[in-house]
Amino acid sequence: MIKDQNEDLLAGLDDLDWSGLHHAYGSADDVPGQLRQVCAADKEVREGAWRQLFSNIYHQGTRDTASPHAVPFIARIARAGPQPTRPTALLMLTRLAVDWHDEYDLPGGIDTAAWRAVRILQEAAQRDRRLLGSS
């Protein structure tokens with residue numbers, strides 16, 4: 001019997017006490033099911049699960065106790081999950097890590113304001129190079 005690829009992606013998912021974690025709407029006990037469904041073959045099921053997951057663990061830019069616990073699973077999905085779900089997993093990871101709510105304490109101590117400032121400087125330098133190259 002061939003082992004289901006999703007089992008590897010979601011290994012350890014049921015080892016966490018999701019009911020002891022919270023998301024925007026209360027207990028995070030529904031997050032494991034949503035993580036399983038984002039890997040579904042059915043496009044509607046997959047897209048619905050992503051909408052629920054975004055709303056739960058990244059509701060209007062906020063993160064709750066369940067958010068960082070979902071990250072390793074989302075990262076595995078982004079790297080090796082079913083092809084149709086990888087771009088959305090990358091988007092979710094980006095939003096959780098460095099989106100527009102700077103007051104959130106990120107696990108690695110990322111200074112999102114500084115990160116954005118560097119990005120703005122890089123974009124300005126590229127724009128200047130284009131202008132200088134075209135004259």
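Where does Gln 34 lie? Gln 34 is part of helix 2, and we will come back to this residue once the overall layout is clear. Please keep in mind that this is a predicted model.

## The overall layout

The protein has six helices and two strands. Following the sequence from start to end, you meet them in the pattern α-β-β-α-α-α-α-α. Of the 135 residues in the protein, 33% are buried. The contacts reach across the sequence too: among those between residues at least 6 apart, 55% join residues at least 24 apart.

## Back to Gln 34

Is Gln 34 buried or exposed? Gln 34 has a relative accessible area of 4%, and because the cut-off for buried is under 20%, this residue counts as buried. Setting aside neighbours within four places in sequence, Gln 34 is in contact with Ala 49, Gln 52, Leu 53 and Asn 56. Among these partners, Ala 49, Leu 53 and Asn 56 are buried residues of helix 3.

## Helix 3 and its partners

Helix 3 is a good place to look next. Its 15 residues should span 21 Å at 1.5 Å a residue, and the end C-alpha atoms are indeed 21 Å apart. The buried residues here are Arg 46, Gly 48, Ala 49, Trp 50, Leu 53, Phe 54, Asn 56 and Ile 57. What do they pack against? The buried residues of helix 3 pack against strand 1, helix 2, helix 4 and helix 5.

Take the meeting with helix 4 as an example. Helix 3 (residues 43–57) and helix 4 (residues 66–80) pack at an angle of about 140 degrees, and their axes are 10 Å apart. On the helix 3 side, the contact is made by Trp 50, Leu 53 and Ile 57, while helix 4 brings Ala 66, Ser 67, Ala 70 and Ile 74. By type, the residues of this contact are six nonpolar, one polar and no charged.

## The nonpolar core

In soluble globular proteins, nonpolar side chains tend to be buried together. In this model, the largest nonpolar core has 26 residues, and Trp 18, Leu 35, Leu 53, Ile 57 and Ile 74 touch the most other members. Helix 2 (31–37), helix 3, helix 4 and helix 5 each supply at least two residues of the core. Helix 4 gives the largest share, with six residues.

Which residues does Ile 74 touch? Not counting residues up to four places away in sequence, Ile 74 touches Leu 35, Trp 50, Leu 53, Ile 57, Ala 89, Met 92, Leu 93 and Leu 96. Of these, Ala 89, Met 92, Leu 93 and Leu 96 are among the buried residues of helix 5.

## An aromatic pair across the chain

The structure holds two aromatic pairs. One of them joins Trp 18 and Phe 73 in a tilted arrangement, at 6.5 Å centre to centre and with 50 degrees between the planes. This pair links distant parts of the chain: Trp 18 sits in the loop between helix 1 (5–9) and strand 1 (22–23), Phe 73 sits in helix 4, and the two are 55 residues apart. Trp 18 counts as buried at 4% relative accessibility, and Phe 73 is buried at 4% as well.

Phe 73 has further partners. Leaving aside neighbours within four places in sequence, Phe 73 is in contact with Leu 9, Leu 10, Ala 11, Gly 12, Leu 13, Leu 16, Trp 18 and Leu 35.

## Helix 5, inside and out

Helix 5 has 13 residues and reaches 18 Å from its first C-alpha to its last, close to the 18 Å expected at 1.5 Å a residue. Its buried residues are Ala 89, Met 92, Leu 93, Leu 96 and Val 98. Leu 91 also lies in helix 5 (residues 86–98), and Leu 91 is partly exposed, with a relative accessible area of 38%. Leu 90, another residue of helix 5, is partly exposed at 49% relative accessibility.

The table lists C-alpha separations for three residue pairs.

| Pair | Apart in sequence | C-alpha to C-alpha |
|---|---|---|
| Leu 91 and Ala 78 | 13 residues | 9.0 Å |
| Leu 90 and Arg 79 | eleven residues | 8.6 Å |
| Phe 73 and Pro 32 | 41 residues | 9.6 Å |

How values were computed. Residues are numbered from 1 along each chain as its sequence is written. This is a predicted model: local features need pLDDT of at least 70, side-chain atom pairs count only at pLDDT 80 or more; totals for chains, interfaces and linings use all residues. Side-chain values use heavy atoms; hydrogens and water are left out. Helices (H or I, at least four residues) and strands (E, at least two) are DSSP runs, numbered from the N terminus. Buried means under 20% relative accessible area, exposed over 50%, partly exposed in between (1.4 Å probe, protein chains only). Axes are lines fitted to C-alpha atoms, for helices over the stretch in contact, and angles run from 0 to 180 degrees between N-to-C directions. Contact means heavy atoms within 4.5 Å. Ala, Val, Leu, Ile, Met, Phe, Trp, Tyr, Cys and Pro count as nonpolar, Asp, Glu, Lys and Arg as charged, and the others, Gly among them, as polar. A nonpolar core is a set of buried Ala, Val, Leu, Ile, Met, Phe, Trp, Tyr and Cys residues joined through side-chain atoms within 4.5 Å. Rings of Phe, Tyr and Trp (its six-membered ring) pair if their centres lie within 6.5 Å; planes under 30 degrees apart count as stacked, over 60 as edge-to-face and the rest as tilted. The expected span of a helix is 1.5 Å times one less than its number of residues.
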